[in-house]
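Me: I'm fine at the bench but rusty at reading models. Can we go through this one feature by feature, starting with how to judge whether a residue is buried or exposed?

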Amino acid sequence: MQYTIDNAPLTWRHYYITGVASLGQLIGTGLATLVSVIIPLYQLVAHPELSSFMQGVVGAMDLIGIMVGSSILGKLSDRYGYIYFFRICPAIVCVSAIVALIFPSIAVLIVCLFFMGFGIGGEYSLDSNYVSELMPTKWVFMMVGVTKAMSAFGNIIVAGVCFLMINDWTSAALWPRMMWLMIVISGLMLVLRIWFWESPKWLLEKGKIKEAQIDTHRFLGPDVNISESDVEADVDARKQQAARQAGFFKRNWKNIIFTGLPWACEGLGVYGIGVFLPILVMALGIEHISAHETALMHVASSVKVTLWISCIILPGFILGLILIRKVDPAKIQWVGFLLSGVCLLILLLAYDNHWAKWISIIAFMAFELFLNMGPHLITYVLPPKVYPVADRGVGSGIAASLGKVGAVLGVFFIPILLHAGGSSLVLIVSIIVMGLGALITIIFNPERKPSHPALKPSNT
């Protein structure tokens, strides 16, 4: 049988495409985890004078790079093609990591983190494009969710390797060697993308029908062909989008709040707490080590606990992916926010009342489970479902930008809050933010409106 891209059966080729594209998500969270380990090594062991302000700068720099990179490289890829930037992005990350390895200083590290984030920002704008344009229609949102779920492996792999490295070190001055993680992962991404091709739908939009057909066969096999009618409809939608650009905010202000502000709240949990997780583990006193051990061993122990906590991220994504085809995604999101806040409340009570360490660790793991089951997964999926086709590109971009603003603010202010009021203040503010994310999702959920039937659970 002959198929089009939209109605083709799911095959190993689709999984391969998703796997290669999702490495951008893996390296993004991997870098955040790497920064979370470097900061305590630099601040607690090598350079105790590193202020909370500078900790925030170091922690937020790759996120700022992601914000800039996703905007610039996303627009350039729309104009010049996906594949060029799909290969350039890991090259930028690899070169930046090599520079940080060779010239180990705080100033060079900050600059390199920005450029690594810049490359990863381009990844974030391209991976979902490839997956959404090459998957069968009925599997698009599921496979986009799978792409996002791959970020869990970044946390687990980097935290595990960092623990093994630190556990074998005698000096924190060896921290630049951790950049080998970014070099290896980005190098692997670059090699795999040598055998990757241009998006057929992008080629069709540029009128390159023959090239589009060739790349469709390369990606999906000889029994899958392009569908010009679908692309023509997409081109018409883009024209409508340009014509309606002036009234975008007036038409979609509720959608902007619904998709953007919860994403910003989620950013504090995923990045704010995530980047400073080893430091929070030490501040909460839940690492398993004797008080007389060296500072380096305290960091190693906190990274080990971070690894345990990170291992629950993947089950959280899997649970969310199971629920997403059966339950209203907005409901999954607000319930995830609410349960995340409850877990942080238990963690706060355990800390203030000196409960057993295992209670705090379980509460932290449950927080990661519900955060990734709900907000971390669903905020990535909701914008394409909520916005009409003519407004989808702009709406998704605004939502992602607001999400990264929340992440930057979270990463920047967590060390300041920790310095001002300790772990209790960090947890109180985080609980409030989780509650705010749940409240906004409930109030502005457009699921009840007939104009957004796509939010209702699908039976397919």
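Reply: Happy to. Take Ser 71: its relative accessibility is 37%, so it counts as partly exposed, because that class sits between the buried limit of under 20% and the exposed limit of over 50%. Keep in mind that this is a predicted model.

Me: Which helix holds Ser 71, and how far is its C-alpha from that of Gly 121?

Reply: Ser 71 belongs to helix H2. Its C-alpha atom is 7.7 Å from that of Gly 121, although the two positions lie 50 residues apart along the chain. A pair like that is worth looking for whenever you want to see how distant parts of a sequence are brought together.

Me: Is Ser 77 buried or exposed?

Reply: Ser 77 is also in H2. At 1% relative accessibility it counts as buried, because the value is under 20%. Leaving out residues up to four places away in sequence, Ser 77 touches Tyr 82, Phe 85, Leu 126 and Trp 202.

Me: How do I check a helix's length, and what span should H2 have?

Reply: Multiply out the rise per residue and compare the result with the distance between the ends. H2 runs from residue 52 to 80, and at 1.5 Å a residue its 29 residues should span 42 Å; the end C-alpha atoms are 42 Å apart, so the two agree. Helix H7, residues 179–192, passes too: its 14 residues should span 20 Å, and its end C-alpha atoms are 20 Å apart.

Me: Where does H2 bend, and what follows it?

Reply: The bend is at Ala 60, by about 40 degrees. After H2 comes Gly 81, with a positive phi near 115 degrees. For a positive phi in a residue other than glycine, go to His 354, where phi is near 55 degrees. His 354 sits in the loop between helix H15 (329–352) and H16, and its relative accessible area of 70% is over 50%, so it is exposed.

Me: Which residues does Val 408 touch?

Reply: Ala 60, Leu 63, Ile 64 and Met 67, once neighbours within four places in sequence are left aside. So the bend residue of H2, Ala 60, is among the contacts of Val 408. Val 408 lies in helix H18 (residues 392–444) and counts as buried, because its relative accessibility is 14%. Its C-alpha is 9.1 Å from that of Asp 62, with 346 residues separating them in sequence.

Me: What share of contacts in the chain is long-range?

Reply: Of the contacts between residues at least 6 apart in sequence, 83% join residues at least 24 apart. The chain has 460 residues, of which 56% are buried, and it has 18 helices and 2 strands.

Me: How should I think about a core, and how many residues are in the largest one here?

Reply: In soluble globular proteins, nonpolar side chains tend to be buried together. The largest nonpolar core here has 107 residues, and those with the most contacts inside it are Leu 34, Leu 41, Ile 166, Met 178 and Met 182. Helix H1 (residues 12–46) gives the most to this core, with 12 residues. Another core, apart from that one, has 32 residues, including Ala 21 and Trp 202.

Me: What does Leu 34 touch?

Reply: Beyond its neighbours within four places in sequence, Leu 34 is in contact with Val 158, Cys 162, Met 178, Met 179, Leu 181 and Met 182. Met 179, Leu 181 and Met 182 are among the buried residues of H7.

Me: Last topic: how many cavities are there, and what lines the largest?

Reply: A search of the whole structure finds 2 cavities of 30 Å³ or more. The largest has a volume of about 190 Å³. Of its 18 lining residues, the closest to its centre are Asn 155, Val 270, Gly 274, Ile 313 and Glu 368. Helix H11 (248–275) is one of the elements giving two or more residues to the lining, and H11 gives the most, with 5.

Me: Is Ile 273, in H11, buried or exposed?

Reply: Buried, because its relative accessibility is 2%. Among its contacts beyond four places in sequence are Leu 344, Phe 364 and Ser 430.

Key
Residues numbered from 1 in each chain as written. Predicted model: local features only at pLDDT ≥ 70, side-chain atom pairs only at ≥ 80, totals over all residues. Heavy atoms only, no water. Core = buried A, V, L, I, M, F, W, Y, C linked by side-chain atoms within 4.5 Å. Buried < 20%, exposed > 50% of the residue type's maximum accessible area, 1.4 Å probe, protein only. Helix = DSSP H or I, 4+ residues; strand = E, 2+ residues; numbered from the N terminus. Contact = heavy atoms within 4.5 Å. Expected span 1.5 Å × (residues − 1). Bend = angle between axes of the 7 residues up to and from the residue. 1 Å grid on protein atoms, 1.4 Å probe; cavity = no way out; pocket = protein on both sides within 12 Å on 5 of 7 lines; lining within 4 Å. Points joined across faces, edges and corners; volume = space filled by probe spheres on them.
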